[in-house]
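Biologist: I would like a close look at a single part of this model, the region where helices and a sheet come together. Please describe the packing in one connected account, and add how the rest of the chain compares in kind where that helps.

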Amino acid sequence: MYDNIIIGGGAAGLMTAVIAAKRSQKTLLVEKNEKLGKKLYITGKGRCNITNDCAPEDLFDAVATNPRFLHSAFRALDNKALMHFFEKGGLKLTVEAGRRVFPKSQKASDVTRFFTHRIDASDNVHIRLNTAIQEISTTEGAVTGVRTTQNEYLPARNVLIATGGKSYPLTGSTGDGYTLAAAVGHNITPTRPALVPMTTAEQYDLAGLALKNVEATLWQNNKKAFSRFGEMLFTHDGVGGPIIQNLTAFVTDYMNTALTLDFKPALEHKKLDARLLRDFDKYQNKDIKNALVDLLPARLILPVLTSAGIQPDTKINALKAEQRKRLLQNLKAFPLTPTGTKGFEEAIITAGGVHVKEVSPSTMCSKLVSGLYFAGEVLDVHAITGGYNLQIAFSTAYLAANSFS
């Protein structure tokens with residue numbers, strides 16, 4: 001009989017195991033992969049963006065769904081406390097642009113090693129790799145243990161589901177937790193890829209073009225919904241990069257949506273128009289396609305002119321005021337039509353998951369099944385990029401582990 005069985009050896013599962021070890025509870029960590037922390041190895045492009053060094057109260061502003069549910073979790077372990085937890089344990093950290101926090105070594109493997117060393121040093125926590133869970137066993141509304149896919153029964157007083165979502169399925173995130181939770185009566189908010197590139201109806205030859213200091217705005221039913229400023233990337237079938245990925249964190253339906261890109265957000269219309277006039281005066285005997293070289297990347301000039309309905313070989317001295325107005329409009333609000341997103345294979349996280357109204361926010365324990373806990377991405381909570389999603393995983397896991405009976 002175990003005190004706790006943790007299903008999933010990712011960020012949330014590892015944190016839970018370490019805290020359970022501190023509490024001297026007999027714990028089994030079950031992972032279906034051949035090693036722990038497989039998804040952690042690829043987060044932050046292999047560097048692991050652990051958290052964000054923002055003011056603790058600003059964590060909630062980064063959460064796209066159900067931020068109120070996380071009040072107790074963030075109080076139990078906020079970002080400052082998490083950084084202290086790692087540094088006190090010997091993992092040196094560094095803060096980069098956007099207040100993003102990484103291991104100073106720039107190696108995600110050091111984060112996994114941080115946890116595994118503590119687990120290995122404990123006599124209370126045992127690890128089972130290459131082991132998948134078939135079902136959670138219950139009796140009279142309470143957890144009694146789990147059954148593996150090999151039909152092995154493992155008894156426990158508490159079971160925590162920390163299986164992640166569906167993003168990056170090659171790392172083992174294939175939605176197992178949703179199936180296990182649903183089987184014991186939990187409702188699952190429909191899942192979708194989030195923090196993922198968008199696909200668009202327009203197909204410009206811009207794949208690989210990266211832009212900085214751009215503002216992307218999403219419109220829903222002709223109303224401004226969300227805006228993000230920063231870096232973006234054109235892909236072969238749409239747009240991606242940080243600001244685009246962050247917009248997808250908030251959108252559940254791409255019907256009646258539009259996307260506009262402001263290539264010069266630092267310049268209001270009047271100042272940008274004055275800049276255009278100066279460039280036109282400089283290149284007054286040139287074609288317009290050659291008069292925008294100081295303003296735009298070369299590859300972007302033709303798409304902008306096409307969208308504005310201006311022939312690229314139009315002479316500057318023949319350009320009409322109405323054409324200049326349309327050009328200005330496209331520089332400030334280049335229109336794209338989102339058709340959806342790429343799939344879970346390219347999504348950083350999964351939106352949707354176990355319905356939070358069925359989980360106690362003060363313990364992460366199920367309100368339906370006694371002794372059943374949840375942590376991390378399996379829950380219907382997610383945030384924008386910048387380290388916030390790993391913070392959610394660590395905070396919910398910390399709270400759950402300290403709530404085990």
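**Helices packed on a sheet**

Modeller: Helix α8 passes helix α9 in a right-handed crossing. The model is a predicted one, and the description below should be read in that light. The axes of α8 and α9 lie 9 Å apart and make an angle of about 120°, which makes α8 oblique to α9. On the α8 side the residues that meet the partner helix are Val 304, Leu 305, Ser 307 and Ala 308, and on the α9 side they are Arg 326, Leu 327, Asn 330 and Leu 331. Sorted by character, the residues of this contact comprise five nonpolar, two polar and one charged.

Helix α9, which spans residues 321–332, also packs against helix α7, residues 269–282, at an angle of about 120° and with the axes 10 Å apart. The two helices α7 and α9 are therefore oblique to each other, and the crossing of α7 past α9 is right-handed. From α7 the contact draws on His 269, Leu 272, Asp 273, Leu 276, Leu 277 and Phe 280, while α9 contributes Arg 324, Leu 327, Leu 328, Gln 329, Leu 331 and Lys 332. The residues of the contact between α7 and α9 divide into seven nonpolar, two polar and three charged. Leu 327 and Leu 331 of α9 are named in the contact with α7, and Leu 327 and Leu 331 are also named in the contact with α8.

Beneath this description of the helices comes the sheet. Helix α8, residues 298–308, lies across β13 (210–220), β14 (223–235) and β17, and runs at about 80° to β17. Helix α9 lies across β16 (257–262) and β17, running at about 100° to β16. Strand β17 is thus one of the strands crossed by α8, and β17 is likewise one of those crossed by α9.

The sheet itself is open and has seven strands, in the order β17-β16-β13-β14-β15-β12-β18, with antiparallel pairing. At its edges stand β17 (334–336) and β18 (338–341), each of which has a single partner strand, so one side of each is left without a neighbour in the sheet. From one strand to the next the twist averages 40°.

Within the sheet, the pairing can be followed strand by strand. Strands β13 and β14 pair in the antiparallel sense over nine bridges, and Gln 220 has Lys 223 in β14 as its bridge partner. The hairpin formed by β13 and β14 has two residues between the strands, and in this hairpin Asn 221 takes a positive phi near 55°. Strand β14 is joined in turn to β15 by three bridges, the two strands running antiparallel, and β14 and β15 form a hairpin that also has two residues between them. In that pairing Thr 235 stands opposite Gly 238 of β15. Farther along the strand order, β15 (residues 238–240) is joined by two bridges to β12 (residues 198–200), and these strands run antiparallel. There the bridge partner of Met 198 is Val 239 in β15.

For the other part of your request, an open sheet of three strands can be set beside this one, with the order β3-β6-β5 and antiparallel pairing. Its edges are β3 and β5, each with a single partner strand, so one side of each is left without a neighbour in the sheet. Strands β5 and β6 run antiparallel and are joined by three bridges, with Val 101 in β6 as the bridge partner of Val 95. Side-chain pairing enters here as well, since Asp 53 and Arg 99 meet in a salt bridge at 2.4 Å, N to O. Asp 53 lies in the loop between β3 (51–52) and β4 (63–65) and Arg 99 in the loop between β5 (93–95) and β6 (100–103), so this pair ties together parts that are 46 residues apart in sequence. Over the whole structure, a search finds 17 salt bridges.

Definitions and conventions: Residues are numbered from 1 along each chain as its sequence is written. This is a predicted model: local features need pLDDT of at least 70, side-chain atom pairs count only at pLDDT 80 or more; totals for chains, interfaces and linings use all residues. Side-chain values use heavy atoms; hydrogens and water are left out. Axes are lines fitted to C-alpha atoms, for helices over the stretch in contact, and angles run from 0 to 180 degrees between N-to-C directions. Helices (H or I, at least four residues) and strands (E, at least two) are DSSP runs, numbered from the N terminus. Angles under 35 degrees count as roughly parallel, over 145 as roughly antiparallel, 65 to 115 as roughly perpendicular and the rest as oblique. A crossing is left-handed if the near helix is turned anticlockwise from the far one by less than a right angle, and right-handed if clockwise. Contact means heavy atoms within 4.5 Å. Ala, Val, Leu, Ile, Met, Phe, Trp, Tyr, Cys and Pro count as nonpolar, Asp, Glu, Lys and Arg as charged, and the others, Gly among them, as polar. Two strands pair if DSSP finds at least two bridges between them. A salt bridge is a side-chain nitrogen of Lys or Arg within 4 Å of a carboxyl oxygen of Asp or Glu.
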